Amino acid sequence: MSTTNAAQRREQAKMEYNAFLAACPSRQLLDRIADKWVVLILCALGGDAAGQSGPQAMRYSELARLLAGVSQKMLTQTLRSLERDGLLTRTVTPTVPVTVTYELTDLGLSLHEMTRGLRHWAQEHMGQVLANREEYDARAS
């Protein structure tokens with residue numbers, strides 16, 4: 001019987017990830033990236049907001065203004081979870097007052113490409129979805 005070290009066990013587990021299995025940890029990641037605030041934060045930092053040209057660092061207050069309807073608690077929790085997952089970096093600059101900026105990592109940029117597509121799809125097809133909902137509701141009544 002051969003022994004394996006931690007790196008080998010991680011590599012083996014990586015090959016075994018299957019989101020269709022109930023115990024697969026990749027399901028947690030799917031839960032995280034399926035969140036609307038995650039998608040919007042990635043799009044904002046990726047440069048998809050009006051007037052932006054490419055990925056850029058943003059301050060907390062800029063993100064809060066851009067993401068209409070997000071609570072301070074939700075924005076803070078989401079930014080922390082994205083930082084923990086390695087999708088963005090948080091940089092603190094010792095100024096008066098302290099400046100905190102957030103920026104996508106390479107991993108975050110790779111996910112941003114997908115979330116950009118989701119956001120565009122939702123915006124382009126919302127009219128059709130609303131019409132389908134109305135039609136369905138009329139039949140169901």
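1. Quick definition before anything else: two strands count as paired here if DSSP finds at least two bridges between them. With that in hand, take the hairpin: S2 is joined to S3 through 5 residues. Strand S2 covers residues 88-93, and its pairing with S3 is antiparallel, over 6 bridges.

2. Bear in mind that this is a predicted model. Mean pLDDT for the chain comes out at 89, with 93% of the residues at 70 or more. Among the elements, the highest mean belongs to helix H5 (residues 72-84), at 97. Helix H1 (residues 6-15) has the lowest, at 69, so I'd leave its details out of this note, given that local features need pLDDT of at least 70.

3. On to the register of the hairpin. Val92 of chain position 92 has Val100 as its bridge partner in S3, while Thr89 is matched with Glu103 in that strand.

4. Have a look at the loop between S2 and S3, which is where Pro97 lies. The peptide bond leading into Pro97 from Val96 is cis, and its omega is near -5°. That puts a cis bond at a proline of the hairpin loop, and I'd mention it in the text.

5. S3 has another partner too. Strand S1 (residues 58-59) runs antiparallel to S3 (residues 99-104), and 2 bridges join them. On the S3 side, Thr101 is the bridge partner of Arg59.

6. Put together, the strands make an open sheet of 3, in the order S1-S3-S2, with antiparallel pairing. Why is one side of S1 and of S2 left without a neighbour in the sheet? Both stand at the edges and each has a single partner strand, so there is nothing in the sheet on the other side.

7. What lies across the strands? Helix H3 (residues 36-45) does: it lies across S1, S2 and S3, and runs at about 95° to S3.

8. Now the pocket. The largest one has a volume of about 360 Å³. It is lined by 13 residues, and the closest to its centre are Gln28, Leu29, Asp85, Leu87 and Leu107. Two helices, H2 (26-33) and H6 (106-140), are the elements that give two or more residues to this lining.

9. Which element supplies the largest share of that lining? H2 does, with 6 residues. As for the chemistry, the lining of the largest pocket splits into 7 nonpolar, 3 polar and 3 charged residues.

Notes: Residues are numbered from 1 along each chain as its sequence is written. This is a predicted model: local features need pLDDT of at least 70, side-chain atom pairs count only at pLDDT 80 or more; totals for chains, interfaces and linings use all residues. Side-chain values use heavy atoms; hydrogens and water are left out. Helices (H or I, at least four residues) and strands (E, at least two) are DSSP runs, numbered from the N terminus. pLDDT is the predictor's confidence in each residue, from 0 to 100. On a 1 Å grid over the protein atoms alone, a cavity is a set of points where a 1.4 Å probe fits but cannot get out, and a pocket is an open set with protein on both sides within 12 Å along at least five of seven lines; lining residues have an atom within 4 Å of a point. Grid points are joined across faces, edges and corners, and a volume is the space filled by probe spheres set on the points. Ala, Val, Leu, Ile, Met, Phe, Trp, Tyr, Cys and Pro count as nonpolar, Asp, Glu, Lys and Arg as charged, and the others, Gly among them, as polar. Contact means heavy atoms within 4.5 Å. Axes are lines fitted to C-alpha atoms, for helices over the stretch in contact, and angles run from 0 to 180 degrees between N-to-C directions.
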